[in-house]
Amino acid sequence: MIRALVFDFDGLILETETPAHQSWAEIYREHGHDLPMDRWYDYIGSDTGFDPAGHLAALVGEGFDASTTKARRDLRKTELIAALDVMAGVRDYVADAKRLGLSLAVASSSSRKWVLGHLQRLRLHAEWDAVFTRDDVARTKPAPDLYLAAVEALGVRPREAVAFEDSRNGIAAAKDAGLVCVAVPNALTAAMDLSRADLRLGSLAETPLERLLAVLSAL
């Protein structure tokens, strides 16, 4: 029996993945380079590994100001994300989970300030029984720590929880923690290999929660 839902944040609740990529891609193009997608895919869903500023600095060479460039990129990303609303279907899933008596958590490799700030802006901050971010664990995704912390806080066993993820790093974290995992890719992550997920949806809006739970129970 499913007793809890655990949501990734970036790219799943709020589609921050495209602005994050776009803001770096614009800066790369300014310097005559392309942002390597293979490196970027490895970076999505985690906060370790690829360093775009350092990588571009190595390509450009002398005279490149990495700190100023990163600050300018962060401002551009913030500008793009400020115009976004919650992704399709998320509010319905949250409301239906409440109605069905399911516990709710967020498990994100981003910072607590980032996640809570946007949840407050979206008026979703009061809906969660637990929120776990990179500030709460030793290792972020693809390690399972965030999901293990979430299910422990919710008082459920991993197999009693469904994780919703948009990236292969997130799916790896959820599956290695023992959760059922539903992939819900966005425009940027749709080309990834997400085959470790138990099920893949085009969006949460396409399948009501109760129908999804019925499908999962039959797997």
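Which residues in H1 are buried? In H1, the buried residues (under 20% relative accessible area with a 1.4 Å probe, protein chains only) are Glu17, Pro19, Ala20, His21, Ser23, Trp24, Ala25, Ile27 and Tyr28.

## Basis of the model

This is a predicted model, in which local features need pLDDT of at least 70 and side-chain atom pairs count only at pLDDT 80 or more, while totals for chains, interfaces and linings use all residues. Residues are numbered from 1 along each chain as its sequence is written, and side-chain values use heavy atoms, with hydrogens and water left out.

## Helix H1 and its neighbours

Helix H1 (a DSSP run of H or I, at least four residues) covers residues 17-30 and reaches 20 Å from its first C-alpha to its last. After H1 comes Gly32, which has a positive phi near 80°. The buried residues of H1 pack against helix H2 (37-43), helix H3 (52-60) and helix H4 (66-82).

The axes of H1 and H3 (lines fitted to C-alpha atoms over the stretch in contact) come within 11 Å and cross at roughly 10°, and the two helices are therefore roughly parallel to each other (an angle under 35 degrees). In contact (heavy atoms within 4.5 Å), Trp24, Ile27 and Tyr28 of H1 meet Pro52, Ala53, His55, Leu56 and Leu59 of H3.

## Strand S1

Strand S1 (a DSSP run of E, at least two residues) spans residues 4-7 and is covered on both faces, with Ala4 and Val6 buried on one side and Leu5 and Phe7 on the other. Four bridges join S1 to the parallel strand S2 (residues 103-107), where Phe7 stands opposite Val106. S1 also runs parallel to strand S4 (residues 161-165) over four bridges, and Val6 has Ala163 as its bridge partner there.

Key
The expected span of a helix is 1.5 Å times one less than its number of residues. Buried means under 20% relative accessible area, exposed over 50%, partly exposed in between (1.4 Å probe, protein chains only). Axes are lines fitted to C-alpha atoms, for helices over the stretch in contact, and angles run from 0 to 180 degrees between N-to-C directions. Angles under 35 degrees count as roughly parallel, over 145 as roughly antiparallel, 65 to 115 as roughly perpendicular and the rest as oblique. Two strands pair if DSSP finds at least two bridges between them.
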